[in-house]
Amino acid sequence: MPTRRTLILALTPGLGLGLAAAALLVQQGCAEPEPDLRPAMLADLGPSALLPPLAQARERAAALSAATLALCEAPDPSTLDAAQAAWWALREPWRQFRALPFGPLVDEGFDSAVDFWPARPSSIEGGVTGGSSTVEEVGALGVASKGLPAVEYLLWDPEGGDEAVLAALTAEEPSGAQRCAYLHAVVGDVGVQLEALEAQTESFADTLATAGSNARYPTVSLAVDELLNAAIAGLHDLSERSMGKPLGLSTAEPDLEQLESRFSDRSRADILDALAGFSAFYLGGADRDGEGFTVIVAASSAEIDAAVRADLDVALAAAEALPDPLRTGLDTDPAAVNAAWEAIRALRLTLAADVAGLLGVTVSLSDNDGD
Amino acid sequence: MDAASLVALRVMVGVLVSVSAGRYWAKGWIDSLLLAPRFHFPYPGFEWVPIPGRLGCHLLFAAVFVAGLALASGRATRASAAVAFACFTWLELIDLSYYLNHYYFLSCLLLTFALAPPDADADGRAPRTTLDVVRVQVAVVYVFAGVAKIGGDWLLAGQPLTIWFGRHADWVVLSLPVGGWLADPRVALLASWAGMVFDLCVVPALCWAPTRAVAYLALLAFHGLTGWLFPIGLFPLVMIAAATVFFEPDWPRRWWPARASTPDDAARPAPPHPLATWAHRLAWLSLAAQALLPLRHWLYPGPVNWTEEGGRFAYRVMLVEKGGAVDFRVVDRRSGARWRVDPSEELTVLQAKMMSTQPDMIACYARHLAARLEHERPGAELAVYADAFVALNGRPRARLIDPDFDLTQTQPGLALRPAPWILPAPEFAP
């Protein structure tokens, strides 16, 4: 039989830890725990970073619809310019919003319905010759035939210029009127998609705000994980889809047909807008007055938060320095193109390694059991 | 010796094996983890393991499920355990990305069951050595898990528990702000020390009758808490079941006294079966190997949590939180062409994440990439370099792989020598 002394000796480490735990819990019970900053950040994401650009995009889609209607009624250089300007303006909030590919944007396929990539001229021309002229008819078409890239394709001609666009819109055979009707219907479909997306995103913003107590996000951590993974995916899209592949930076050969907004030469502006969208997510809205993701990173490590901000500043500056048009950037200023690409990759790396490690973010969707 | 505790353990493990197989199927992991990937990471030294197709995978899981039930019911125990071991291990060996310490433990336990079946003879007895090997099998997990926790990150910085506890900061239990307390780094530090003491002391405390009840209560609390806090699947249940093997051999009869009486060992000692003798020797040999494997990381320089050399099959559970990112630079030595490859184009999200922090997986993918691209580009002679960065336990990221080392020069199979292309760990504290 063990003696009392050996029993006490054996239990001492456990008792010691137990007492220490009890003391700490008593102390903790008296002290107010540190506030959890994540719910406020998630609640603010919708009002500060998601809904404002979407509302703006919907308004600008209506303006684009009016502009294309005017273009079809009187195709001339001024109405074409107005339609092009309206498309250009709509692209800005859309690209900002798409910087965070998650929620209904991805779940319901709005990203493809509004912004199928890469633009496929044969599918768009197929839509034109198919004779679709109403929003309902266009709604039934495949995503490659419609969306913002289709509108861009119909409004710009990089080789023939505006004269060629107007000639196509006023031609007798094939029918320019049919082409213009298709253009207007596609714009209408974009408006319908944005309206539906806005409604669903409003609901999704509520889901984010109540993360931890709803079925989609039974814990706050799941929402934070998905948000960070989305930001990383958005930056990945930006570095690879917008730059790496089309410009041949990450492949052996450039493939300019994969360049976003290649017909209008808005590629550089797209990159700047996407970074602005990321900035709104991280810093708390366009005016930086919200509870951005920065608050939870800074609470865990001021050093890593500073690294993200520094990388973001470098990426924004490098994107500003990109040559315009981007499609000829590798010829005109390869150093600037490479610098911007590397800067965006560095920002993504900081999020994927430092921030994900700091917050213990797990892989989304198919995560397996842990240790 | 009374076989009751072994039989109880066999029933519990058999049921859990079947539940595990059913759970894998129900969660759709057969498709998403085994069938969907276009590439699988082989285990070093097990590159020869065939990758089953859809039918094969489903048949293997069905075999594990049925064998688990057979094991639980005591039908052909040795054969059931052997089938469960072979099929479960085969499935485990398909892809290194899914390596888990508790899968490894389950394989080892099933192997031990196959070699030393936890069965009762007609008189309800089993050889004493059967109980001993099973006890050692279970003890290995706790001992090495405890030893692995003796380190600066765990004991001085409270990492990675500080990170993981912080993820639960919103939890409220019975109107108490439990999450807020968990998010306090001092709680994580205390839990780290408690976890180490628990792992190191629980086996002797379970073996010693005066402390057994307290130790098992602590074990229930420990595994209950870890199961509640972390996504570790059935592991807590497996260990809660396995630890009962340290109870008195007749403990189940105290709960079901009407079923049978304790056999009288002195009256009729069980004669050793000839098969049992060599099988038990093999079981001890297997345990010796399992006890040596966790020590092999001393053969490699640098902290194992960073290099991962010798980190698997060592029960180094829950010691690291890593964020990582890697992409590959490909150079055609003939044409001089250079480009980058984003591994996420071929790998699943989970595979890419697991690879990004593990050097041998990065090297494996680099070799695969070179082979695939050389096949697609006849005549090309490719070198592959990795830009890999890892943030360990809350530290800022550091480069993991020498960016100037051509990873196609690495060799598949077991790495018996330290990899010179793994860069030293960052020296700063988390």
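The following paragraphs lead through chain A, its buried charged residues, and then the two domains of chain B.

This is a predicted model, in which local features need pLDDT of at least 70 and side-chain atom pairs count only at pLDDT 80 or more, while totals for chains, interfaces and linings use all residues. Residues are numbered from 1 along each chain as its sequence is written, chains are lettered from A and ligands numbered from 1 in the order in which they are written, and side-chain values use heavy atoms, with hydrogens and water left out.

Chain A has 16 helices and zero strands; helices (H or I, at least four residues) and strands (E, at least two) are DSSP runs numbered from the N terminus. Of its 371 residues, 51% count as buried, where buried means under 20% relative accessible area, exposed means over 50%, and partly exposed lies in between (1.4 Å probe, protein chains only). Contacts, defined as heavy atoms within 4.5 Å, often span long stretches of sequence: among those in chain A between residues at least 6 apart, 74% join residues at least 24 apart.

Helix 8 of chain A (residues 148–155) is a good place to begin. Eight of its eight residues are buried, so this helix is largely enclosed by the rest of the structure. The buried residues run from A:Leu148, A:Pro149, A:Ala150 and A:Val151 through A:Glu152, A:Tyr153, A:Leu154 and A:Leu155. They pack against helix 2 (38–73), helix 3, helix 5 (110–115), helix 6 (121–130), helix 9 (161–170) and helix 10 (176–209) of chain A.

One of these partners, helix 3 (residues 77–97), contains A:Arg95. At 2% relative accessibility, A:Arg95 counts as buried. Apart from neighbours within four places in sequence, A:Arg95 is in contact with A:Leu238, A:Ser242, A:Glu260, A:Asp270, A:Asp273 and A:Ala274.

Charged pairs come next. Side chains of opposite charge can pair when their charged atoms come close. With a salt bridge taken as a side-chain nitrogen of Lys or Arg within 4 Å of a carboxyl oxygen of Asp or Glu, the count comes to 45 over all chains. In one of them, A:Glu260 meets A:Arg98 at 3.0 Å, N to O. This pair links distant parts of the chain, 162 residues apart: A:Glu260 is in the loop between helix 11 (220–244) and helix 12 (267–283) of chain A, and A:Arg98 is in the loop between helix 3 and helix 4 (104–107) of chain A. A:Glu260 is buried at 4% relative accessibility, and A:Arg98 is buried with a relative accessible area of 5%. A salt bridge also joins A:Arg266 and A:Asp270, whose closest N and O atoms are 2.7 Å apart; A:Arg266 and A:Asp270 are both buried.

Chain B offers another example, in which B:Asp327 forms a salt bridge with B:Arg340, the closest N and O atoms being 3.2 Å apart. B:Asp327 belongs to strand 1 (residues 322–332) and B:Arg340 to strand 2 (residues 338–341) of chain B, 13 residues apart. B:Asp327 is buried with a relative accessible area of 10%, and B:Arg340 is buried at 13%. Returning to chain A, salt bridges that share partners join A:Arg91, A:Arg95, A:Arg98, A:Asp115, A:Arg241, A:Glu260, A:Arg266, A:Asp270 and A:Asp273 into one network.

Chain B is divided into domain 1 (4–298) and domain 2 (322–409), with bounds from an automatic or database domain assignment. The C-alpha centres of domain 1 and domain 2 of chain B lie 35 Å apart. Across their interface, 16 residues of domain 1 are in contact with 17 residues of domain 2. The area buried between the two domains is about 1,300 Å², of which carbon and sulfur atoms give 63%; buried area is the accessible area (1.4 Å probe) that two parts lose on being put together, summed over both. B:Arg38, B:Phe39 and B:Phe41 supply 42% of the area that domain 1 buries against domain 2, more than any other three residues.

The rule finds one salt bridge across this interface. B:Asp153 forms a salt bridge with B:Arg395, with the closest N and O atoms 2.8 Å apart. The residues on the side of domain 1 that touches domain 2 divide into 10 nonpolar, three polar and three charged; Ala, Val, Leu, Ile, Met, Phe, Trp, Tyr, Cys and Pro count as nonpolar, Asp, Glu, Lys and Arg as charged, and the others, Gly among them, as polar.
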